[in-house]
Amino acid sequence: MRKTENETAEESVPSRLGPSPDQLAAHRISPRFYNADLAPSKKEGRSWTAYSVFTLWANDVHSLGNYGFALGLFALGLGAWQILVALLVGAALLFFLLTLSGFMGHKTGVPYPVMSRIAFGIHGAQLAASVRGIVAIAWFGIQTYLASSVLNVLLLTLIPGLQTWADTEFLGLSGLGWFSFTLLWIVQVIIVSYGMEMIRRYEAIAGPIILVTFLALAVWMLSRVDFSISWSRDGALSGWPMWMHILGGGALWVSIYGTFVLNFSDFTRAAKKKGSIVVGNFWGIPINMLVFGLVVISLAGAQYELDGTVITSPADIVQTIGSPILLALASLSLLILTIAVNLMANFVAPTYALTNLFPRHLNFRSAAIVSAIIGFVILPWNLYDSPVVIVYFLGGLGALLGPLFGIIMVDYWVVRKTKVNVPQLYTEAGDGEYFYHHGVNWRAIGAFIPASAISLVFALVPTFAGLSEFSWFSGAALSAIIYFVIARRDFTFREVDGEEIAVPTTH
């Protein structure tokens, strides 16, 4: 027996207070594309402030991966001021790109998978959401594994008798490693299962802890060399090679955040006002990255002055702390940091992507658990130890993020001039504004394919190794240009907010 329109709409009613069945029916909302987690967030009651946005960056910028990247610039031969210039060039670009992306989330109130329906169509958006989600799930597992390594060191320092656990191995991981990985995995699942609001609270607490920890570590290192550091290593670069590494470093700094500039709307959909995004981004990106750069210079320069060693991670310094109590506190801070980074960078995106794929069967909590289980069963330590997986699989997928960003930005800001019909993002009616051709905007796909091909060549083919640092930019720029030329313009874009089908912001 065929369901009536009202019965279909009733199935779409969110699990928490939101629109009535009649309101959903009036907009022809489909349960295949709408649930309480994908619905627009009501403007009233949004809880993310400038401080909330700032703490996202306070945690993520100071990640161990970012320190490894920046310390690598010192190892390559860049000195103090060159490293700062590279980071600030990247910071300026990121501030601009993330603010544009953030404004989209604030205005529409929708998460990234729904946002991508605007340019790619209600079915075509699954491509954009899935690429972002797959990358995030893999890195969630890898980052959890790296955090478990820090926990292993802490546990062995406090309880040396656990060494026998560390000497046994199963499926590529020691017994102690299995314990540490599983414990951290459970902690993260518990936090994320309470939704975005719990993540916001965790980030707000973790942010100051991380900043204080790294500033204290930098001051401690400086005191060991009487505040006299090496401003560069022996054989420092100069001339054109130096500037190429500076520009390449700035470009890679943006590429590292190629994931975030796509799904920043997952967070800013709950921002109280646009000013919160601007202020939070300003203090969190250029200012915070300047502090980050100064910490990098202090750690690298002090250690090099001390014994001529070029460190690759702050963990290298933490392990040299003589006091077990101080070592435990520093290790605990690194664990808090890694969890904070993992939650925002690698947990939220796949959770929304899975919810978008199965809105009738998964909500935020259940999707988070599913993505976490996938991140566990892929045995991420084996992925991390495989250069082929890291470079070709994850690196290849990462190269696709630039083209996605270029198309989405041009479609929203240039072609549509920010006019979005939010309720139409949730209907599968054939005359829907985002139905395009059977639910796919083939013009967006037509821009994505050639831009992605070139981005992949730059990222993966050894012959173009010198251009690999700019693969994200080349992909984003080329897709933006192609889409701008071929995008449909014989259409009157309408601006309709989503308040009638919106739900209160609780995560």
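**Exercises on contacts, salt bridges and the nonpolar core**

Tyr 426 contacts a set of residues outside its own stretch of sequence: leaving aside neighbours within four places, these are Arg 28, Ile 29, Ser 30, Phe 33, Tyr 34, Leu 38, Ala 39, Pro 40, Val 110, Val 114, Arg 117 and Ile 501. The model is predicted.

**Exercise 1.** State which residues have the most contacts inside the largest nonpolar core, and which helix gives that core its largest share.

Solution.
- Step 1. The largest nonpolar core has 149 residues.
- Step 2. Tyr 426 is among those with the most contacts inside this core, together with Trp 57, Leu 94, Phe 120, Trp 253, Phe 267 and Leu 404.
- Step 3. Helix H17 (residues 324-357) supplies the largest share of the core, 15 residues.
- Step 4. As background, nonpolar side chains in soluble globular proteins tend to be buried together.

**Exercise 2.** Arg 28 is one of the contacts of Tyr 426. Find the acidic partner of Arg 28, place both residues in the chain, and classify their exposure.

Solution.
- Step 1. Arg 28 forms a salt bridge with Asp 431 through their side chains, at 2.9 Å from N to O.
- Step 2. Arg 28 sits in the loop between helix H2 (21-26) and helix H3 (50-60), and Asp 431 in the loop between helix H21 (401-415) and helix H22 (442-460). The two are 403 residues apart, so the pair links distant parts of the chain.
- Step 3. Arg 28 has a relative accessible area of 33% and is therefore partly exposed. Asp 431, at 57%, is exposed, because the cut-off for that class is over 50%.

**Exercise 3.** Treat the pair Lys 107 and Glu 495 in the manner of Exercise 2.

Solution.
- Step 1. The side chains form a salt bridge at 3.0 Å, N to O.
- Step 2. Lys 107 belongs to helix H5 (residues 80-108), whereas Glu 495 lies in the segment after helix H23 (471-486). With these positions 388 residues apart in numbering, the pair links distant parts of the chain.
- Step 3. Lys 107 is partly exposed at 31% relative accessible area, and Glu 495 is partly exposed at 48%.

**Exercise 4.** How many salt bridges does a search of the whole structure find? Describe the one between Arg 488 and Asp 490, and name the residues joined into a network.

Solution.
- Step 1. The search finds nine salt bridges.
- Step 2. Arg 488 and Asp 490 meet through their side chains at 3.1 Å, N to O.
- Step 3. Arg 488 counts as partly exposed at 39% relative accessibility, and Asp 490 as exposed at 62%.
- Step 4. Glu 197, Arg 200 and Arg 201 form one network through salt bridges that share partners.

Notes
Residues are numbered from 1 along each chain as its sequence is written. This is a predicted model: local features need pLDDT of at least 70, side-chain atom pairs count only at pLDDT 80 or more; totals for chains, interfaces and linings use all residues. Side-chain values use heavy atoms; hydrogens and water are left out. A salt bridge is a side-chain nitrogen of Lys or Arg within 4 Å of a carboxyl oxygen of Asp or Glu. Helices (H or I, at least four residues) and strands (E, at least two) are DSSP runs, numbered from the N terminus. Buried means under 20% relative accessible area, exposed over 50%, partly exposed in between (1.4 Å probe, protein chains only). A nonpolar core is a set of buried Ala, Val, Leu, Ile, Met, Phe, Trp, Tyr and Cys residues joined through side-chain atoms within 4.5 Å. Contact means heavy atoms within 4.5 Å.
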